[in-house]
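Trainee: Could you take me through one part of this protein up close? I'd like to see how a pair of helices sits together, and then how that fits with the rest.

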Amino acid sequence: MYVVTGGCGAAPRGRDPLVLDLVTLVVTRTAPVPSGMAPEAGALLRACRYPLSAAEISAYLGLPFGVLTVLLTALEADGHVELRQTRDGRQDTADTDTDTLKALIDGLQRL
């Protein structure tokens, strides 16, 4: 995965890290794919002509979420993609919506 990310493992210095999760929507801002781009980045841009979640992109491209996060951070910094947060970034990831979880459990029990 070192080759896929170009040796990068984190957000550039002096920049706030993006709040990315599996439901972050990604859409391409660049069309067509610029020449000379890494194959994985080009495939990501082609896949995101319409908004897709990070989980869908990870599954379609067969990339681990950590690698996808590095690619998305670089592509967003270069202006190639737009990231749309679906949840408040300040919300603690440990916070859960208990009503939704209860409804999910009830639905699974009915199966």
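Mentor: Let's start with the overall layout, then zoom in on the helix pair and work outwards from there. Keep in mind that this is a predicted model. The protein has 4 helices and 3 strands, and if you walk along the sequence they come in the order β-α-β-α-α-β-α.

Now for the pair. Helix α1 covers residues 39–47 and helix α3 covers residues 65–77. Their axes come within 11 Å and cross at roughly 75°. An angle from 65 to 115 degrees counts as roughly perpendicular, so that's the label for α1 and α3. Which residues do the touching between α1 and α3? On the α1 side you'll find E40, A41, L44 and L45, and they meet L68, L71, L72 and L75 on the α3 side. Try clicking through those names in the viewer.

Next, have a look at a strand. S53 lies in β2, which runs over residues 52–53. Is S53 buried or exposed? Its relative accessibility is 12%, and buried means under 20%, so S53 counts as buried. If you skip its neighbours within four places in sequence, S53 is in contact with L22, V23, T24 and L25. For the whole protein, take the contacts between residues at least 6 apart in sequence: 72% of them join residues at least 24 apart.

Then there's helix α4, residues 98–110, where you'll find L104. L104 has 49% relative accessibility, so it counts as partly exposed. Together with L101, L108 and L111, L104 makes a nonpolar surface patch of about 450 Å².

Charged side chains get a turn too. Side chains of opposite charge can pair when their charged atoms come close. The structure holds 1 salt bridge, formed by E82 with R84, and the closest N and O atoms there are 3.3 Å apart. Both partners count as partly exposed: E82 has a relative accessible area of 32%, while R84 is at 35%.

Finally, step back to the whole protein. Buried residues make up 27% of its 111 residues. The accessible surface comes to about 7600 Å², and 55% of that belongs to carbon and sulfur atoms. When you go back to the helix pair, start from L44 in α1 and L72 in α3, which are among the residues on the two sides of that meeting.

Note on methods: Residues numbered from 1 in each chain as written. Predicted model: local features only at pLDDT ≥ 70, side-chain atom pairs only at ≥ 80, totals over all residues. Heavy atoms only, no water. Patch = residues over 30% accessible without salt bridge, like charges linked within 9 Å, V, L, I, M, F, W, Y side chains within 5 Å. Areas by Shrake-Rupley, 256 points an atom, 1.4 Å probe, with all protein chains shown as cover. Salt bridge = Lys/Arg side-chain N within 4 Å of Asp/Glu carboxyl O. Buried < 20%, exposed > 50% of the residue type's maximum accessible area, 1.4 Å probe, protein only. Axes fitted to C-alpha atoms, helices over the stretch in contact; angles between N-to-C directions. Parallel < 35°, antiparallel > 145°, perpendicular 65-115°, else oblique. Contact = heavy atoms within 4.5 Å.
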